[in-house]
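Here are a few short exercises to work through with the model open in your viewer. Try each one before reading the solution.

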There are 2 protein chains.
Amino acid sequence: MAPIRVAVVGMGKIAHDQHLPAIAGNPAFTLAATVSRSDSTVDGVPHFRTLQDLLDHGPDVDAVALCTPPQVRYDLARLALDKGLHVFLEKPPGATVAEVDALAAQAGARGVTLFASWHSRHAAGVAPAKAWLAGRRITGVNVIWREDVRVWHPGQDWIWQPGGLGVFDPGINALSIITHILPDPFFLTEAVLDVPENRAAPIAADLHFRDARGTPIHMDLDWRQTGPQSWDIAVETDGGTLQLSQGGAVLALPGETLRNADEEYPGLYARFAELIAQGQSDADARPLTLVADAFLRGTRRTTDAFFD
Amino acid sequence: MAPIRVAVVGMGKIAHDQHLPAIAGNPAFTLAATVSRSDSTVDGVPHFRTLQDLLDHGPDVDAVALCTPPQVRYDLARLALDKGLHVFLEKPPGATVAEVDALAAQAGARGVTLFASWHSRHAAGVAPAKAWLAGRRITGVNVIWREDVRVWHPGQDWIWQPGGLGVFDPGINALSIITHILPDPFFLTEAVLDVPENRAAPIAADLHFRDARGTPIHMDLDWRQTGPQSWDIAVETDGGTLQLSQGGAVLALPGETLRNADEEYPGLYARFAELIAQGQSDADARPLTLVADAFLRGTRRTTDAFFD
């Protein structure tokens, strides 16, 4: 089968760090074009300022990977789906839940693949964690996701704007893991969001969820962590404690620890190719729904101004 | 067929004004019990302090109508579904989107009916409005929903708490109508929420939505309206303008105006009986999803303190 000709749209940090190497490493894909208002190009690959430019004047493509900020993702996705292209959405898949649902409906109507990607679900420890949890009785979950925003999001103003999610930008990674590995649906019962007085989005959040059995799920998100960073999920069960750390890369089970190489984006592109081959979509918006619920239901507190 | 024995839980204003008369007027139902922490009872009908009390010591019931504030609705619904009872949820169906989805999954697993009711969808003008719009090209929608909170929600503190929705408590009625009558899904693109400095929920909101064709949908919500109240929806089409007013009760089309008696709650109970007879659920959370999206995506402004 001929490789899938993919264009990467939005040539920022995540495109360079993750998408380009993952595409280069997967023979099912070939990088056909890049699109960006900046001059951030790839040698030998046609570059366009806008997606419309690519569609009007560029080489044929089969798919686009949208790596722009979420606030502008819908229009690009809509345009691509209208042209019958398959669409890979970086996380979060949109600035609102309803726009993701609308895209999913459109992809279904056009018969093309929409993939709302959640890279943390492809961290090395996640699949074995899900398998180990299946059939066990879960009694509690604790998530600690604390990182230094100055290290990971330097100067990214969009992330502090309405729709940019603030500390939920990393926090949604944890939600994407636990919605995937926990067998029962869960929902938010209480939340406190700490919002810097000069910003629109939270810098920290304390969240309580429950599943239908009443199992408590606690999440501690903070963007003010200097020194060691924490991306840890602990699941207490009747068979002992499961611990996912380093964002899901390391899995500790009673009596054993599994460490594997990072395969997140290669895993995402393998999944995208599989969805295209099967003529299916995967547009799970649950992590974003839980974040929207936190904004809806949570108590907001104003905290110290934040400057980059 | 024997009437459906229903218990009304949460004997506040909406229960007395709407649920009790609608149940009394529909031979498919019989009021089997009431539940409330208050002494607000119905002559000759057994009364219980809690739903658990009713389940432990009361007469058999087939269904419950939950009229409590949304923040406590999930646990009551969960308990009722666990006992195999059909559940009628007042609007909004929950304090979060994810809890409604979880209840829908549980109702499906138990084989009972969950009905997330939206009373405004049963306003007299709504069904003919939907029929008239089908097949027409819609070019714009404008919603003005302005009322006096002191008249409609006197002393209702829960409505100002996180999860109480503020001005979206009436505004979600407009959303329930337009999600029902507009043929295409739509989503939020911009919102400004005005929040009193002494409250957690907005007193006014200005919202912009679009559908997949780019049709602009504007919504103006305000709880500070004294004098005449406005609950108006105007839909511009290639066949002229449709105007729903008085919350959906009055429909004006080019050349004709339809006025009918208010049948909202009788319509809801007729629908609930039909769903139970068919063994189906109707748990459409889209209006609540759009509100959550407005909290997620919207810009918050602090405005003057509000005192009842």
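**Exercise 1. Is A:Asp222 buried or exposed, and where does its salt-bridge partner A:Arg146 lie?**

Solution. Keep in mind that this is a predicted model.

- Start with accessibility: A:Asp222 has a relative accessible area of 8%. Buried means under 20%, so A:Asp222 is buried.
- Now the partner. A:Asp222 and A:Arg146 form a salt bridge, with 3.8 Å between the closest N and O atoms. That fits the cut-off, which is within 4 Å.
- Next, find both on the chain. A:Arg146 sits in strand E7 (residues 138-146) and A:Asp222 in strand E10 (residues 216-222), so the pair ties together parts of chain A that are 76 residues apart in sequence.
- A:Arg146 itself is partly exposed, at 24% relative accessibility.
- Finally, zoom out: A:Arg146, A:Asp222, A:Asp220 and A:Arg224 are linked in a network of salt bridges.

**Exercise 2. Which parts of chain B does the pair B:Arg301 and B:Asp194 tie together?**

Solution.

- Check the bridge: the closest N and O atoms of B:Arg301 and B:Asp194 are 2.8 Å apart, and the two form a salt bridge.
- Place the ends. B:Arg301 belongs to strand E15 (residues 299-303) and B:Asp194 to strand E8 (residues 186-196), so the link joins parts of chain B that are 107 residues apart in sequence.
- Look at the surroundings: B:Asp194 counts as buried at 11% relative accessibility, whereas B:Arg301 is partly exposed at 47%.
- For another bridge in this chain, go to B:Asp222 and B:Arg224, whose side chains meet at 2.9 Å, N to O. Here B:Asp222 is buried, with a relative accessible area of 8%, and B:Arg224 is partly exposed at 42%.
- Over all chains, the count comes to 32 salt bridges.

**Exercise 3. At what angle do helix H9 of chain A and helix H9 of chain B pack, and what kinds of residues make the contact?**

Solution.

- Take residues 286-297 in each chain: the two H9 helices pack at an angle of about 70°, and their axes are 8 Å apart.
- Angles of 65 to 115 degrees count as roughly perpendicular, so that word describes H9(A) against H9(B).
- List the contact residues. On H9(A) they include A:Leu288, A:Val291 and A:Phe295, and on H9(B) they include B:Leu288, B:Val291 and B:Phe295.
- Sort them by type: 10 are nonpolar, none are polar and two are charged. A:Asp293 and B:Asp293 are among the contact residues, and Asp counts as charged.

**Exercise 4. What confidence scores does the model carry?**

Solution.

- For the whole model, ipTM is 0.94 and pTM is 0.95.
- For chain A, the average pLDDT is 95, and 100% of the residues score at least 70.

Technical notes
Residues are numbered from 1 along each chain as its sequence is written. Chains are lettered from A and ligands numbered from 1 in the order in which they are written. This is a predicted model: local features need pLDDT of at least 70, side-chain atom pairs count only at pLDDT 80 or more; totals for chains, interfaces and linings use all residues. Side-chain values use heavy atoms; hydrogens and water are left out. Helices (H or I, at least four residues) and strands (E, at least two) are DSSP runs, numbered from the N terminus. Buried means under 20% relative accessible area, exposed over 50%, partly exposed in between (1.4 Å probe, protein chains only). pLDDT is the predictor's confidence in each residue, from 0 to 100. Axes are lines fitted to C-alpha atoms, for helices over the stretch in contact, and angles run from 0 to 180 degrees between N-to-C directions. Angles under 35 degrees count as roughly parallel, over 145 as roughly antiparallel, 65 to 115 as roughly perpendicular and the rest as oblique. Contact means heavy atoms within 4.5 Å.
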